[in-house]
Amino acid sequence: MPTQRRQATEAEIATLASAVRLRIIRLTLQEPLTNAQIAHRLHRDPATTLHHVRRLVRHGFLEPLPARPGPRGSTEIPYRGTRLSWSLRGGERDPSLGEATLEAYLDEVTEVGVAALDQSRLAVRLAPADAAALRSELSALLDRYAARAEPPDGEAVAVYLSIYPGAS
């Protein structure tokens, strides 16, 4: 059964149209992270990541968890991804969102290394109805896995899928 998605607002699409913000969402889906931890993992200045974190919180992509004691008497706030981005539709054709998604994927692949990828490639010629069925079946498959409960000891897995026109 396909996930019921709602139409993304322009502000939500604009918020997602940033590779840095997409990476922050991905990092915080696995475990809640503070702004300092996010900045460290992304090799960015904490002030820069805080700008992105605040925008993600404002639009519902991150949620702040209760404040906790930090180093040297400070207080820190961990943030957790809400999975809102998976429940939205309408940004698929936005070029800036597509570019940000690709850039985030390439950054993540660079970080883990090509050897860590399980890749496959398929080039086929399909009737239009079969091409539509392929897209629908892939979307349904991803929806099924996205809807599963995540076990605490589960393996973190990410999927980037791109269907594009082949050479004629």
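**Exercise 1. Find which residues of H2 meet which residues of H4, then work out how the two helices are set against each other.**

Solution. Start with the contacts: from H2, the residues Val20, Arg21, Ile24 and Ile25 take part, and they meet Thr49, His51, His52, Val53, Arg55 and Leu56 of H4. Keep in mind that you're working with a predicted model here.

Next, look at the axes. Helix H2 covers residues 19-30 and helix H4 covers residues 46-58; their axes come within 10 Å and cross at roughly 70 degrees. Now apply the cut-off: angles of 65 to 115 degrees count as roughly perpendicular. H2 and H4 are therefore roughly perpendicular to each other.

**Exercise 2. Take stock of the whole protein chain: what elements does it have, and in what order?**

Solution. Count first: the protein chain has six helices and seven strands. Then walk along the sequence and write down each element as you meet it, which gives β-α-α-β-α-α-β-β-β-β-β-α-α.

For the overall dimensions, take the principal axes: the C-alpha atoms fill a box of roughly 65 × 35 × 30 Å. The accessible surface adds up to about 11,800 Å², and carbon and sulfur atoms account for 54% of that. As for burial, 24% of the 168 residues count as buried. Finally, check the contacts between residues at least 6 apart in sequence: 63% of these join residues at least 24 apart.

**Exercise 3. Look at phi for His43 and Arg83, and say where each residue sits and how accessible it is.**

Solution. Take His43 to begin with. His43 isn't a glycine, yet its phi is positive, at about 55 degrees. You'll find His43 in the loop between helix H3 (35-42) and H4. With a relative accessible area of 70%, His43 is exposed, because the cut-off for exposed is over 50%.

Now do Arg83. This residue, also other than glycine, has a positive phi near 70 degrees. Arg83 belongs to the loop between strand E6 (78-81) and strand E7 (88-89). Its relative accessible area is 36%, so Arg83 is partly exposed.

**Exercise 4. Track down the nonpolar patch on the surface and place Leu134 within the chain.**

Solution. List the members: Leu122, Val124, Leu126, Leu134, Val157, Val159, Leu161 and Ile163 form the patch, and together they have about 740 Å² of accessible area. Then pick out Leu134, which sits in helix H6 (residues 128-147). Leu134 has 32% relative accessibility, so it counts as partly exposed.

**Exercise 5. Ala131 and Ala158: which one is buried, which one is partly exposed, and how far is each from a given partner?**

Solution. Ala131 first: you'll find it in helix H6. Buried means under 20% relative accessible area, and Ala131, at 19%, therefore counts as buried. For the distance, go to Ala115: Ala131 and Ala115 are 16 residues apart along the chain, and 30 Å separates their C-alpha atoms.

Turn to Ala158, in the segment after H6. Its relative accessibility is 47%, so Ala158 counts as partly exposed. Its partner here is Arg125, 33 residues away in sequence; from C-alpha to C-alpha, Ala158 and Arg125 are 27 Å apart.

Technical notes: Residues are numbered from 1 along each chain as its sequence is written. This is a predicted model: local features need pLDDT of at least 70, side-chain atom pairs count only at pLDDT 80 or more; totals for chains, interfaces and linings use all residues. Side-chain values use heavy atoms; hydrogens and water are left out. Patches are made of residues with over 30% relative accessible area and no salt bridge: like charges are joined within 9 Å, nonpolar side chains (Val, Leu, Ile, Met, Phe, Trp, Tyr) within 5 Å. Accessible areas come from the Shrake-Rupley method with a 1.4 Å probe; for residues, only the protein chains shown count as cover. A salt bridge is a side-chain nitrogen of Lys or Arg within 4 Å of a carboxyl oxygen of Asp or Glu. Helices (H or I, at least four residues) and strands (E, at least two) are DSSP runs, numbered from the N terminus. Buried means under 20% relative accessible area, exposed over 50%, partly exposed in between (1.4 Å probe, protein chains only). Axes are lines fitted to C-alpha atoms, for helices over the stretch in contact, and angles run from 0 to 180 degrees between N-to-C directions. Angles under 35 degrees count as roughly parallel, over 145 as roughly antiparallel, 65 to 115 as roughly perpendicular and the rest as oblique. Contact means heavy atoms within 4.5 Å.
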